[in-house]
Amino acid sequence: MISLTFKRASFISSCAGAALFLALHGAAAQDKDTLTPQQPPPLANAEDPATPAKELFGRKTVPALLASRTIGGYSKGCLAGAKALPINGKTWQVMRLSRNRNWGHPNLVQFLERLANQSPKTGWRGLLVGDMSQPRGGPMRTGHASHQVGLDADIWLTPMPERQLTRAEREELSATMVVAPDRLDVDPNIWTPAHLNVIKAAAQDTQVSRIFVNAAIKKALCRDAAQDRTWLSKVRPWWGHDYHFHVRLNCPADSPDCTPQAPPEHNDGCGGDLDHWFSDEVLHPKPSPIPPKVKPPMRMAELPAACRQVLVAP
Ligand SMILES: [Zn+2]
């Protein structure tokens with residue numbers, strides 16, 4: 001199914017930092033891309049310290065030829081020696097190839113292959129993989145505040161079709177919205193036990209630190225989970241994430257300069273913990289009379305110093 005009903009020049013993913021975006025634009029749709037994306041023009045002032053880091057990292061098309069390691073934090077860092085997730089596997093396909101974001105720390109690539117191989121046993125045919133990181137990580141020119149260190153991946157809430165998708169389909173195909181129009185629960189016509197199974201399988205992987213899903217999805221997981229509920233603590237509600245779920249891995253052993261995420265709380269995060277997400281102020285935010293402050297883009301000086309080497313490495 002290819003839907004051409006909406007198209008945007010740039011896409012904004014609703015990962016961390018989505019509140020501002022949602023306040024400005026409403027819920028992020030499943031943004032499309034094109035087979036012939038416009039390449040950014042060469043930078044005239046790459047050495048200027050005022051140049052946003054996203055303009056530098058966003059122009060790197062190949063990984064840094066260095067040992068693989070993650071440097072800095074999920075939303076303020078970069079990635080040396082990235083590996084690509086192959087665009088086709090028996091049980092996965094990479095989407096939006098024009099973005100060149102199927103890069104990650106080897107742990108992320110291995111995790112995705114592991115989860116994909118396991119998927120059919122859970123009733124989910126295979127994974128459609130969205131954004132991972134840029135070839136050298138770092139901030140992106142469009143979308144995502146996080147996904148900077150090769151440890152984050154978006155997985156569509158649409159199972160892989162039986163056939164191999166064409167390049168054009170991978171740009172144009174829409175993922176499936178699983179949240180009901182009233183945002184209070186999942187859409188019962190779309191949500192299946194396999195949705196829970198694939199998210200649970202990801203959460204049970206020992207390398208996974210967090211999974212972000214829409215609050216309505218978390219509510220459904222809380223309701224449908226059987227006795228074993230320990231995995232639920234890793235699955236956290238966040239804005240957006242109604243077409244995909246976002247998996248975040250722990251810092252790899254080979255990366256002493258990786259800033260870890262705080263460990264998840266021990267509770268399952270169900271019940272009253274979710275009430276706030278379904279309050280009127282969250283579901284129907286009032287437009288603010290003062291325009292929200294837009295943070296200036298990150299400069300190289302704000303990233304770990306080692307990211308400079310990642311940027312200039314061959
Ligand atoms: Zn994400």
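This is a short tour of salt bridges, two unusual backbone angles, a covered helix and a cavity. The model is predicted.

**Stop 1: Glu 55**

The structure holds 13 salt bridges. Start by selecting Glu 55 and Arg 59. They form a salt bridge, with the closest N and O atoms 2.6 Å apart. Is Glu 55 buried or exposed? Glu 55 has 17% relative accessibility, so it counts as buried, the cut-off being under 20%. Arg 59 has 23% relative accessibility and therefore counts as partly exposed.

Keep Glu 55 selected and add Arg 141. Their side chains also meet in a salt bridge, at 3.0 Å from N to O. This pair links distant parts of the chain, 86 residues apart. Glu 55 sits in helix H2, residues 53–57. Arg 141 sits in the loop between strand S7 (127–129) and strand S8 (152–156). Arg 141 is partly exposed, with a relative accessible area of 34%.

**Stop 2: Arg 99 and Asp 131**

Now select Arg 99 and Asp 131. Their side chains meet in a salt bridge of 3.1 Å, N to O. Where does each partner lie? Arg 99 is in the loop between strand S5 (92–94) and strand S6 (103–104). Asp 131 is in the loop between S7 and S8. The two are 32 residues apart, and the pair links distant parts of the chain. Both Arg 99 and Asp 131 are buried.

Widen the selection to Asp 33 and Arg 101. Together with Arg 99 and Asp 131, these residues are linked in a network of salt bridges.

**Stop 3: two positive phi angles**

Select Asn 100. Its place is in the loop between S5 and S6. Asn 100 is not a glycine, yet its phi is positive, at about 55°. The residue is partly exposed, with a relative accessible area of 24%.

Next, select His 144, in the loop between S7 and S8. His 144 is not a glycine either, and has a positive phi of about 30°. Is His 144 buried or exposed? With a relative accessible area of 6%, His 144 is buried.

**Stop 4: the cavity beside Asn 100**

Return to Asn 100 and show cavities. How many cavities of 30 Å³ or more does the structure hold? There are two. Go to the second largest, which holds about 40 Å³ of space. Asn 100 is one of its lining residues. Arg 101 and Asp 131, both members of the salt-bridge network, are in the lining too. To complete the lining, select Val 94, Met 95, Arg 96, Leu 97, Asn 102 and Gly 130. By type, the lining divides into three nonpolar, three polar and three charged residues.

**Stop 5: helix H5**

Finish on helix H5, residues 193–203. Show it with its neighbours. Helix H5 is mostly covered: of its eleven residues, eight are buried. Which ones are buried? Select Ala 194, His 195, Leu 196, Val 198, Ile 199, Ala 201, Ala 202 and Ala 203.

Now bring up what these buried residues pack against. Two of the partners are helices, H3 (106–118) and H6 (215–224). The strands packed against are S7, S9 (208–213), S10 (235–237) and S11 (244–249). Strand S7 also borders the loop that holds Arg 141, and His 144 lies between S7 and S8 as well.

Key: Residues are numbered from 1 along each chain as its sequence is written. This is a predicted model: local features need pLDDT of at least 70, side-chain atom pairs count only at pLDDT 80 or more; totals for chains, interfaces and linings use all residues. Side-chain values use heavy atoms; hydrogens and water are left out. A salt bridge is a side-chain nitrogen of Lys or Arg within 4 Å of a carboxyl oxygen of Asp or Glu. Buried means under 20% relative accessible area, exposed over 50%, partly exposed in between (1.4 Å probe, protein chains only). Helices (H or I, at least four residues) and strands (E, at least two) are DSSP runs, numbered from the N terminus. Contact means heavy atoms within 4.5 Å. On a 1 Å grid over the protein atoms alone, a cavity is a set of points where a 1.4 Å probe fits but cannot get out, and a pocket is an open set with protein on both sides within 12 Å along at least five of seven lines; lining residues have an atom within 4 Å of a point. Grid points are joined across faces, edges and corners, and a volume is the space filled by probe spheres set on the points. Ala, Val, Leu, Ile, Met, Phe, Trp, Tyr, Cys and Pro count as nonpolar, Asp, Glu, Lys and Arg as charged, and the others, Gly among them, as polar.
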